Amino acid sequence: MSISILEVNDLKINYYTPNRVIKAVDGISFDIQSGERFGLVGESGSGKSTVAMAILGLIKQPGRVESGEIWFTNGNGGEEPLANTRVNIRSLSLEQIRRLRLAGVALVPQGAMNSLNPVKKIRAQMLDGMVDHGILLSGHEKDERIKELLESVGLRQEVANMYPHELSGGMKQRVAIAIAISLRPKLIIADEPTSALDVIVQRQVMETLFELQDRLQASVLMVGHDMGLMAQSVHRLGVMYAGKLVEVGEVTDIFGHPQDSYTQRLIASLPSLTRKSSLV
Amino acid sequence: MNEMRELNSPALLQTRGVTKVFGGGIGKSKTTAIENFTFTIEGEPPSITALVGESGSGKSTLAQLLLGLMTPTSGEVLYLGKSLDRMDASEKQQFRRDIQIIFQDPFDVYNPVYKVDHLLTVPIEKFHLASSKSERKQLMESALVAVGLDPQELLGRYPHQLSGGQRQRIAIARVLLIRPRMIIADEPVSMVDASLRASILANLQQLNRDFRISILYITHDLATAFQISTNIVVLYRGSVVEAGDITEVIQSPKHPYTQLLIDSIPKPNPSQKWGGGATLSRTSSAADPGQGCKFADRCPHVMQACRISRPPLFKTEEHRAVACFLYNDVPQIGLEDLDTIFVSRQTTDNG
Amino acid sequence: MVYDTSLASPLSGPAGRPPSIDHPLGTDQQGRDMLAALIVGTPLTLRIGFIAGIIGIAIGTMLAFISGYYRGPTDTVIRTIVDVGLTIPGFLILIIIAISIKGNMGVNQVALVVAATAWLWPARSMRSQVLSMRQRTYVQVAQLSGMSGLEIIFREMMPILMPFIAASLVGAISAAVLASIGLEALGLGAMDQPTLGMTIYWAIYNSALMHGSWWVWAPAIVVILILFLGLFLLSIGLDVVANPRLRRNQ
């Protein structure tokens with residue numbers, strides 16, 4: 001049964017600067033089905049990251065969500081207070097949003113190398129999220145859980161006792177993924193999860209993410225600017241430009257016959273590996 | 001086929017057995033960034049060669065060594081046959097005039113207390129490129145125009161007032177005024193907006209084509225490397241694993257690492273997905289590679305021989321060399337002759 | 001308002017008198033007019049601070065650049081000397097130097113004695129600035145443009161470090177003033193000059209505290225406090241100039 005995990009309806013978000021009002025997100029609508037991978041692609045300033053932040057309830061001054069709805073269905077089946085109900089994220093209280101994060105919607109941030117606490121061991125950081133959500137585990141259960149999570153992202157158990165600086169970029173990113181899925185969220189938002197990573201490591205990290213997503217039967221919202229990465233990663237794609245969604249569709253359709261001129265330009269500007277062309 | 005090297009015209013830039021090791025202090029682990037690297041850049045005819053590698057491959061360290069900004073732990077870097085650390089002041093000046101660089105970070109090349117003019121006036125002054133103030137002004141303006149910039153708009157401004165693309169172009173204009181024989185471009189477009197990359201790379205092609213300057217294009221981005229280069233050298237953890245005609249290497253890579261690399265590039269074509277079988281690396285890549293082939297523990301074709309010694313370069317085709325025991329049925333080729341497998345033709349439009 | 005500064009010498013007036021019309025801040029046990037002493041002494045103390053501070057910064061900066069830019073064995077030697085020098089209590093070193101000087105010291109000699117340790121801290125703090133700047137791309141570009149080491153130091157690095165050097169200078173001056181007052185209060189200063197420190201010395205020597213002659217030592221303390229407050233505010237002001245500049249360099 002395919003249900004909509006996420007439904008964004010006519011979302012509008014503005015940023016208020018001393019000089020003018022910037023329409024960061026100007027009325028976009030899209031939905032993500034359960035088990036689906038949806039990509040939001042655009043250059044910097046297109047508003048894609050703002051959309052992701054809004055879904056996580058993280059828009060703060062000088063930004064403001066002006067109008068629109070963000071419906072989230074958390075089919076967790078667990079004891080979460082919001083399980084199996086459809087809620088409008090915009091209408092939740094701060095406390096409710098906090099509980100939703102990680103357990104319902106999780107974020108794999110850009111540059112996880114910077115979001116990990118440099119003075120805490122990996123193990124402690126992985127447990128933080130769980131403790132925060134009131135999950136109590138005995139010492140033995142904690143070890144088991146950590147081992148399980150690390151294995152699911154292809155890391156050795158020893159990593160738990162290391163500090164972030166002892167790990168490579170790819171490994172840190174995988175730790176970030178492990179933390180993100182620790183409470184089995186239904187929607188994983190990956191915001192440029194592989195920028196600054198080498199091509200081979202990038203592939204490993206993405207393949208890890210897909211595998212996990214399958215296992216958890218979750219959905220992924222992938223935000224980025226790399227069209228090539230989108231082609232390899234997502235089922236459906238939304239192209240954003242200046243706050244608007246200029247094209248949405250199956251990824252094969254979009255690359256096969258792009259309708260919008262901006263999309264066409266984006267695809268055409270990618271350097272090819274098969275044919276040399278005049279660059280000017 | 002042995003190339004007889006002319007004894008009276010030494011190569012433009014050469015490295016001989018260059019090794020660079022970092023760390024190794026008390027209690028600190030050593031990292032070998034570059035190992036026993038021997039490489040020759042002829043300079044004639046001027047061509048664009050890509051040096052491709054991921055982080056940890058040693059490509060940036062190599063750039064620093066080639067420019068004399070860093071000294072090797074062992075081995076030497078030679079400019080026109082003369083070792084860099086045995087040059088006198090005037091030879092050093094000539095070296096600096098002949099070999100220049102485009103750095104990755106378009107912002108950090110500028111000293112923030114000075115206007116952007118400073119970037120251009122210093123080499124003019126130090127290399128005596130102009131004999132009067134008006135000549136200097138003319139030189140600067142024509143260099144800026146040649147890279148597609150408007151001198152009136154840019155001269156007199158401070159670096160933070162310009163965009164990344166403009167700053168990088170001025171850096172290219174600087175190189176143009178110096179008229180070196182060779183440029184080392186270290187990731188020149190990775191910190192520039194995607195929409196401007198093609199035009200900045202076009203500027204580099206222009207330098208090669210119209211001003212006959214050789215370019216060593218150092219990058220991790222195979223696609224842009226393919227677009228502007230004729231030849232490629234693939235580095236893995238400080239050693240050459242494959243080299244040759246770039247079109248051939250990209251279309252039919254022979255070294256397992258190159259195959260993995262090309263396979264992992266996210267192609268903007270949903271029907272060409274990543275191939276299966278990427279080995280998840282479980283160990284940190286900083287682990288000491290030991291005696292054998294550095295790629296051994298990630299290689300799907302690893303054999304006994306691979307763990308015992310480092311594979312030499314095998315010349316599998318006229319324009320291809322691969323450092324892998326899978327090809328040990330063809331003749332070997334020494335690192336010092338690597339440049340003989342390069343396609344030597346000047347880059348033209350539409351390759 | 002002009003005041004007769006010759007009154008700063010001993011026996012200018014009746015000894016030990018509290019403030020009066022003739023001597024607005026009174027006289028000390030040796031007949032010095034205290035107001036005259038302050039008027040003469042404050043600039044002298046400042047002069048010691050300036051001379052020692054400037055010498056300290058000049059030597060410290062020069063060593064920092066040589067050490068930090070050229071690295072190698074010179075750097076190791078300089079760095080070791082600075083590290084050792086900073087570990088030993090500086091004041092102790094100054095006392096030892098001052099004691100070993102035979103004969104009477106003038107104000108300039110006191111300044112030179114204080115300068116002996118004034119360069120240590122600037123050398124270290126400036127060296128770390130140089131080390132981080134050396135790695136910057138614009139320094140590499142300058143090298144590739146044919147600039148020599150000295151040129152790079154003066155044309156590329158110094159201008160950026162100016163605010164930092166200025167702030168360090170104020171710090172060095174304050175430290176020098178404090179050190180000189182300390183030395184003088186122990187009797188290791190210029191004995192025949194009414195510097196602020198010497199005034200304190202004579203106050204202690206003549207047991208002014210016990211005699212209740214507050215006018216002998218209190219005004220000097222107040223002037224010292226105002227001096228330090230002024231230097232402190234100056235360094236805060238310079239910090240504001242220094243930091244945004246450094247922040248923009250990132």
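In chain A, strand β1 (residues 4-16) and β2(A) pair in the antiparallel sense over ten bridges. The model is a predicted one. The secondary structure of chain A comprises ten helices and ten strands, and 33 of its residues are in contact with 36 residues of chain B.

**The antiparallel sheet**

- Within the pairing of β1 and β2, A:Asn14 stands opposite A:Lys23, the latter lying in β2(A).
- These strands belong to an open sheet of four strands in chain A, ordered β2-β1-β4-β5, with antiparallel pairing.
- The edges of the sheet are held by β2 (21-33) and β5 (86-88) of chain A; each has a single partner strand, so one side of each is left without a neighbour in the sheet.
- On average, neighbouring strands of this sheet are turned by 5° against each other, direction ignored.
- Strands of a sheet pair through backbone hydrogen bonds, in either a parallel or an antiparallel manner.

**Helix α4 and its packing**

- Helix α4 of chain A spans residues 122-132, and its buried residues are A:Ile122, A:Met126, A:Leu127 and A:Met130.
- Viewed down the axis of α4(A), the buried residues fall within an arc of 120°, so they line one face of the helix.
- An α-helix has 3.6 residues a turn, so residues three or four places apart point the same way.
- The packing partners of the buried residues of α4(A) are α5 (139-152) and α6 (169-181) of chain A.
- A:Gly134, which follows α4(A), has a positive phi, near 75°.

**Overall dimensions and burial of chain A**

- For 280 residues, a compact globule would have a radius of gyration near 19 Å, and the 19 Å of chain A agrees with this.
- Taken along the principal axes, the box filled by the C-alpha atoms of chain A is roughly 60 × 45 × 45 Å.
- Of the 280 residues in chain A, 43% count as buried.
- Among contacts in chain A with a separation of 6 or more, 68% are accounted for by residues 24 or more positions apart.

**The side of chain A that touches chain B**

- Contact between the two chains involves 33 residues of chain A and 36 residues of chain B.
- On the chain A side, the elements that give two or more residues are α7 (199-216), α8 (227-233) and α9 (251-256).
- The residues on this side of chain A divide into 15 nonpolar, eleven polar and seven charged.

Note on methods:
Residues numbered from 1 in each chain as written. Chains lettered and ligands numbered in written order. Predicted model: local features only at pLDDT ≥ 70, side-chain atom pairs only at ≥ 80, totals over all residues. Rg over C-alpha atoms; globule rule 2.2 N^0.38 Å. Buried ≥ 20, exposed ≤ 12 C-beta atoms within 10 Å, placed from the backbone. Contact = placed C-beta atoms within 7 Å. Arc of directions from axis to C-beta. Pairing = 2+ DSSP bridges. Axes fitted to C-alpha atoms, helices over the stretch in contact; angles between N-to-C directions. Nonpolar A, V, L, I, M, F, W, Y, C, P; charged D, E, K, R; others polar.
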